[in-house]
Structure formats: structure tokens, C-alpha cells
Amino acid sequence: MIVNSNYDTRLKVIEDDIINSIKPEWNKDEIIRYVYLYIGKIISKNVDFFYSLGRKLEYKNYSFDKLKRTYESKRITNLSVICKSSAIILKRIYDRLGIESELMETVDYNQFTDEETKETLDVHHWFLCVTGENNKKYFLTIIPDLFFIQFNMKTKHFANRIEYYREVDGKKIQVYKGPEIKNTVLTEEEIEKIDEKIGYIIPYYIEEKNGKRKRYNGYDDIFIDNLKMYSRKNTYLIELGYDTDFFKDITNYKVNNLTIEEYLNTQKFEMNEIDKWIEYIKERASFYGHDPEQDKDVNGKIKALRKTLENKDAKKYRKVIGQLGINFVDEKYKIDENGYCSLTYIEKKFEYLFPKFFSCNESVKPLTSKFTGLAEKLDFIDMFIENMFPELKEYKASAGIKINPKYSLVRNRIQRYVVYSTKRKKYDIIFSIDNSNTYYYFNPISGKFAKIGNLLNLISDEFIIVSDELKNRMREVENIEKPTKIL
């Protein structure tokens, strides 16, 4: 539908599509929300602009004139935006819909100085104030919501609170220019009702002990909920257990030419055959260093396994046999008895789970294909890793690790860097655990994921290192005084 490269025309097509999609029965709040979600699906944060402000792209940095044009221009030229241009896009659409809105500018700013001319550019943060039902004023800041919208999650910055003053060192500092606006904050429940009305989500109910609970098709927050549950319930270690020789041995056991799983699925299994299998499990457990006569945990799980089969409880059987397999996972891949997460533990879990959840190195598109730009991909990856490693949020998990207060405990253990390919004109991502010399390369477009023992196997003249932390790391590793590229 949107094919013209001239964005003025392109924006007009987008606006027309939005206006034609709006239902006559929707009120102002619902229309405001619909536009916000629609635009959030197609724009992306202009990382080139922000990296250039930080002088991170070497000879690919924007010139001072281009930075100034990008920041000050009211003519939108593409869908890669900064906070100001994103607010202008929303305002332009609301104007066409007859909905009152106002661009808001913060008092604080970052100043950029051109090294040659010494000209300065003051870069303020911008957001939008829009007037909805009953003249209620809502603040919209769409840029940090882009990855939420593009993954169909609940938003965090639609009609949220922005205070007129904030306190710094005991002093009240004005946050945004102009007179104070008494903005209205919409609760999560109020936004859910709007999203249900405009068809963004569809409600359904699940049975729980205390009655029915309302859930929604459309919100993919369930993905994160499932990830949290996956991490909490030892699922990762259970899957490592599936991969052990012990587990393969006991599940390859045969009864009448049927694997034990096939035999159990007949529902006519005999306990005398099961007892033969149980004896085989004990023999294999002893062979792999966990004699049931000495290991109470293994012995207890084997007894529980027999009991569940005696009760023909297939669901519990799978759970018990999975928990049994954990005992045979190499101890170095587990959290130690004091709760500390070693480098080996984190590396193993990361290299196992990240490609699994992100569909790396597969024929299908990677999970990051849902997002329009690098910033949105990075925001989602950061949230994913935080939820993939809840154990790292415990203080003992990182005891002895030098903590940078700028980052979370998780980010202090798992470093995430950005590099830019000058050949492909695309950004790639590199991970490292505890600043070790083992790196993980990820191409968020193709989904390629690879473990590399030496960064020089990847970085060459083709790449610009964007992240300052990685530049510093390479200075340490290569003892280069002032590198601009890795040669």
C-alpha cells in the first residue's frame, strides 16, 4: 500500500488509511489510542541521529548541518524518527481528525558542539499533549513505547504521568516549558477497555481456583510471562537433563520392542515391566555417579516415578522424570550451593536459550523481525535478557563482581554491544559474559547467531564499533592506544 519514497505523499497515504479505518462509534480517547498504536507499528527510532550526537559512527556520523536539519525540520522525510518528529507525526494526524494537541518541550537539553565551527545545537526531549474526552489532557511519549507496540505488549508511556517539577538535590526543577498542565493518567484497566473497544485485543476467560480470570488475545505480554515461568520452574535445567546420557539411556529402554514412552502410552502397561525399568534406572544412575543407595534425592525421585506410574498419572510422570534428569546435568552448568552464578553457568544458559527463543540460524524469521529498527530490537533484547536471568537479580548471584551502577545486575554480567557493518549498512549485536574473551555474534536481520572465541574473527575494516564499552575492551585486549577501527 505504501510505496512512494516521498514521505510527504507517504504520510498522506498513512493518514488516509487511518482516517478510513476509524469507526464512527469511537470516542476521542479511542481514536487517540488507535492512532498511537497504528503509528507505533511503522516508525522506528533514528539511532543514526543519536549515535552521531555521541560521535560513535566515525566517518559515518551525521554532519552538524544534518543533525540540525533532522532536529529542527518540520517536514518529515522518513519513518526513522526522533522524539520531536514522532510527536509531529502524531500531531499532524490528530489535527486532520479535529483533535486538539500541543507539542511539549522539556527544559533540560543535551548540547552538541561542532568541533570545527563551534556552533552548538541544544537537543531537547519532546512529547505530545492531546485533548481527549471531557477535555482531559493526556501526555504521549511514543518512542519508548515502540518495542511494546511492535510486539503487541501493553504500553508504558500512553497517558502516563509527567510531573511539572522534579526534585534535584532538594531543589524543584521545572520539567517542561510553558504553564503546568493538569494531565490525566489512564490506568492499565482503562487502557485495556479502550484496546478492547477498538479491537486491538480480544478478551477470553480462564478458570482459576478463585473463579474466572480475564485475559486477552492480542497482548503478547504472555510471551514474557511464559519466559518468567520457564526460568522459575527449572525448565532450562530439565531440558539440559534431557540431553544427558543418563536420560537418553533410560528413555531408550524397550519393552516388547516399544520404547518405554510408547509402552506407557498403551495404557495397558504392567507394573512388573515397570519394576524392571526402575531397576534399570537405578543401575544407570549408579553408573553415572548417583547411586540411589547413597543419593537420597535421586532415590526419592525414582520412588516418586514408580508411584506416579502405579497411579497412572502420566502428567506427573513427565514432571518427575524431568526433575530426575536434573541430577545428571554437569554441576558446572548449575548455580552453586551459595547461589553464585558462575561465568560457565551464564554462558551455557545464554548460548542455549537465546538462539532457542529468538529462532536463530533457522529458516524462519528471527524474533527480532517483528521490530522496525535497531533501537526497538535492543529494547526488546534487554527486556528479554532481564527476564531470562531472574537469578542474577539476587545479590549472591554476582558476589565479587565489580558492579557498574549505570546498569542493572543482569547487564553487569551480560554485556551487549553494537557494531555497524559499512558493507551491509546494517547494525549487528555482540554479547559477552563477564567481559570474557568469548563473544556471541547476532545479526538481528538474518537471525545468524554464532559463538566466537576471538573478536578479530569478526571485526574488520567492514565494521565500526559503536559501543564505547567494546572500544574500551578492545583497547585492553589489543593494547591499542587509540583505535578507531579494528584492523
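Y164 and Y176 are both buried in this predicted model. Their rings have centres 4.9 Å apart and planes at 65°, so the two make an edge-to-face pair. Y164 comes from the loop between α6 (146–150) and β6 (165–168), while Y176 belongs to the loop between β7 and α7, and the pair thus links distant parts of the chain, 12 residues apart. Y176 has a relative accessibility of 0%, well within the buried class because the cut-off is under 20%.

Y176 also pairs with another ring. Counting such pairs through the model gives 39 aromatic pairs. In one of them, F139 and Y176 have ring centres 5.6 Å apart and planes at 75°, so this pair is edge-to-face. Here again distant parts of the chain are linked: F139 sits in strand β5 (residues 137–140), Y176 in the loop between β7 (171–174) and α7, and their positions lie 37 residues apart in the numbering. F139 is buried too, with a relative accessible area of 0%. Both descriptions use the same two values, since a pair of aromatic rings is described by the distance of the centres and the angle of the planes.

Rings also take part in another kind of arrangement, with a lysine over the face. The charged end of K84 sits over the ring of Y71, 4.8 Å from the ring centre. For K312 and F269, the lysine lies over the face of the ring at 3.8 Å from its centre.

Stepping back to the whole protein, the chain folds into 18 helices and 16 strands. The C-alpha trace spans about 80 × 65 × 55 Å along its principal axes. Of the 487 residues, 47% are buried. Contacts between residues at least 6 apart in sequence show how far the chain reaches back on itself: 60% of them join residues at least 24 apart.

One of the buried residues is D195, which has its place in helix α7 (residues 188–197). What is the relative accessibility of this aspartate? The value is 0%, so D195 counts as buried. Setting aside neighbours within four places in sequence, D195 is in contact with R33, L37, Y200, I201 and Y219.

Helix α13 (residues 296–310) offers two residues to look at, one of them R306. R306 is partly exposed, with a relative accessible area of 25%, because that class runs between the 20% and 50% cut-offs. Beyond residues up to four places away in sequence, R306 touches M271, D275 and I278. R306 and W277 are 29 residues apart in sequence, and their C-alpha atoms are 9.6 Å apart in space.

T308 lies in helix α13 as well. Is T308 buried or exposed? With a relative accessible area of 5%, T308 is buried. Leaving out residues up to four places away, T308 touches D313, K316, Y317 and V320. For a sense of scale, the C-alpha atoms of T308 and K84 are separated by 62 Å, with the two residues 224 apart along the chain.

Next comes a meeting of two helices. Helix α9 (residues 235–242) and helix α14 (residues 314–326) pack at an angle of about 80°, and their axes are 7 Å apart. The two are therefore roughly perpendicular to each other, a label that fits because the range for it is 65 to 115 degrees. On the α9 side the contact involves L237, I238, G241 and Y242, and these meet G322, Q323, G325 and I326 in α14. Sorted by class, the contact of α9 with α14 has four nonpolar, four polar and no charged residues.

Finally, two lysines in loops have an unusual-looking backbone angle to check. K118 has a positive phi of about 65° although K118 is not a glycine. The residue is placed in the loop between β3 (101–113) and β4 (120–131). At 57% relative accessibility, K118 counts as exposed. K425 has a positive phi of about 55°, and K425 is not a glycine either. Where is K425 placed? The answer is the loop between β12 (414–421) and β13 (426–433). K425 counts as exposed, with a relative accessibility of 54%.

Conventions: Residues numbered from 1 in each chain as written. Predicted model: local features only at pLDDT ≥ 70, side-chain atom pairs only at ≥ 80, totals over all residues. Heavy atoms only, no water. Helix = DSSP H or I, 4+ residues; strand = E, 2+ residues; numbered from the N terminus. Buried < 20%, exposed > 50% of the residue type's maximum accessible area, 1.4 Å probe, protein only. Contact = heavy atoms within 4.5 Å. Axes fitted to C-alpha atoms, helices over the stretch in contact; angles between N-to-C directions. Parallel < 35°, antiparallel > 145°, perpendicular 65-115°, else oblique. Nonpolar A, V, L, I, M, F, W, Y, C, P; charged D, E, K, R; others polar. Phe/Tyr/Trp six-rings, centres within 6.5 Å; stacked < 30°, edge-to-face > 60°. Lys NZ or Arg CZ within 6 Å of the ring centre and 35° of its normal.
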